[in-house]
Amino acid sequence: MHIAISGATGFVGRRLREILVAHGHTVSRLPRWTTEPGLRLEPPLDAIVHLAGEPVSQRWSKEVKERIRSSRVEGTRLLVSAIGKLAVKPQVLVCASAVGFYGDRGEERLTETSPPGEGFLPDVCQAWETEAGRAAAYGVRVVKIRTGLALGRNGGALAKMLLPFRLGLGARLGDGNQWMSWIHLDDLAEMMRFAIEAPGVSGAWNGVSPHPVTNREFTRALGKAVHRPTFLVAPKALIMLGAGEMAQILFASQRCLPEAPLAAGFSFRYPELGPALQAVVD
């Protein structure tokens with residue numbers, strides 16, 4: 001298949017490209033969308049994976065929040081409009097979303113049929129997914145993957161955590177009771193490949209492991225993986241003071257389950273956190 005990826009040079013995009021090429025696919029890179037483009041890639045595209053977007057993990061000013069929203073909502077709108085102008089449409093659009101769709105939900109078990117939460121990120125994710133869903137009007141199969149914390153080498157949130165944990169400064173966040181939905185980077189990329197190649201799947205998928213953990217459990221597991229103690233606590237008030245509104249994503253509790261990919265037959269290589277972390281830090 002000929003597959004185009006936006007965000008192909010990012011943390012997820014790089015690994016996805018490697019896996020697709022290893023399975024015999026031809027991969028092209030899509031540019032970031034600043035004006036309405038025409039897709040002139042030859043031969044015709046069989047699939048598009050849309051990953052590009054402004055990083056969420058930065059201090060949120062009014063301008064940053066607008067970039068986060070625009071890069072996802074407007075960027076996806078432009079991409080889908082461009083798809084509509086293609087003489088030969090791709091078979092499938094796989095669009096990234098995020099577990100931020102659900103907001104802060106405490107102990108609730110969240111599946112793909114759970115309603116969205118409230119707040120900035122849930123609003124962005126809903127609008128983002130709505131724009132991606134417009135591609136169905138052109139006969140394109142659409143899969144929206146709500147990604148959790150992706151664990152991999154050389155990038156992502158884990159790269160920022162490893163140094164303090166290796167120094168014995170790893171700390172749980174607040175009381176540590178908030179649920180974290182995570183996934184090994186290889187499983188996330190393979191899930192996207194599965195979604196591309198499986199003709200009968202569409203709709204929202206939770207791109208997370210079947211076994212979410214609390215922040216307390218995650219902190220303990222990462223400390224064990226790097227052979228360091230984890231007895232410190234990062235107070236919520238201090239983190240909120242330093243990171244501002246963005247810090248809410250660190251304390252939002254999202255206990256997500258990947259019911260849709262499991263029902264479709266997807267198999268996880270790293271369903272448990274311990275082996276997933278060990279594979280990354282070794």
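Student: Where does G117 lie in this predicted model, and why is G117 called buried or exposed?

Tutor: In this predicted model, G117 lies in the loop between β5 (109-110) and α3 (120-133). Its relative accessible area is 13%, and buried means under 20%, so G117 is called buried. Leaving aside residues up to four places away in sequence, G117 touches F101, Y102, G103, R105, P122 and Q126.

Student: R105 is among those contacts; what makes the pairing of R105 with E108 a salt bridge?

Tutor: The side chains of E108 and R105 meet at 3.0 Å, N to O, and the cut-off is a side-chain nitrogen of Lys or Arg within 4 Å of a carboxyl oxygen of Asp or Glu, so the pair counts as a salt bridge. R105 is buried, with a relative accessible area of 15%, whereas E108, at 34%, is partly exposed.

Student: How do you know that R15 and D186 form a salt bridge, and which parts of the chain does the pair link?

Tutor: Their side chains meet at 2.7 Å, N to O, and the limit is 4 Å, so the criterion is met. The pair links distant parts of the chain, with R15 in helix α1 (residues 11-22) and D186 in helix α5, 171 residues apart. R15 has 25% relative accessibility and, because partly exposed lies between 20% and 50%, counts as partly exposed, while D186, at 16%, counts as buried.

Student: Why are R193 and E190 separated by about one helical turn?

Tutor: The two residues are three residues apart in helix α5, which means a separation of about one helical turn. They form a salt bridge, the closest N and O atoms being 2.7 Å apart; R193 is buried at 16%, and E190 is partly exposed at 21%.

Student: What makes β2 and β11 the edge strands of the sheet?

Tutor: The open sheet has six strands in the order β2-β1-β3-β4-β6-β11, with parallel pairing, and β2 (26-30) and β11 (203-207) each pair on one side only.

Student: How do you know that β3 and β4 pair?

Tutor: Strand β3 (residues 47-50) and strand β4 (residues 92-98) share four bridges in the parallel sense, and pairing requires at least two, so the two strands count as paired. Within this pairing, the bridge partner of H50 in β4 is C95.

Student: Why is L163 called exposed?

Tutor: Its relative accessible area is 56%, and exposed means over 50%, so L163 is called exposed. L163 is found in helix α4 (residues 156-166) and, with L167 and L169, forms a nonpolar surface patch with about 320 Å² of accessible area together.

Notes: Residues are numbered from 1 along each chain as its sequence is written. This is a predicted model: local features need pLDDT of at least 70, side-chain atom pairs count only at pLDDT 80 or more; totals for chains, interfaces and linings use all residues. Side-chain values use heavy atoms; hydrogens and water are left out. Patches are made of residues with over 30% relative accessible area and no salt bridge: like charges are joined within 9 Å, nonpolar side chains (Val, Leu, Ile, Met, Phe, Trp, Tyr) within 5 Å. Accessible areas come from the Shrake-Rupley method with a 1.4 Å probe; for residues, only the protein chains shown count as cover. Buried means under 20% relative accessible area, exposed over 50%, partly exposed in between (1.4 Å probe, protein chains only). Contact means heavy atoms within 4.5 Å.
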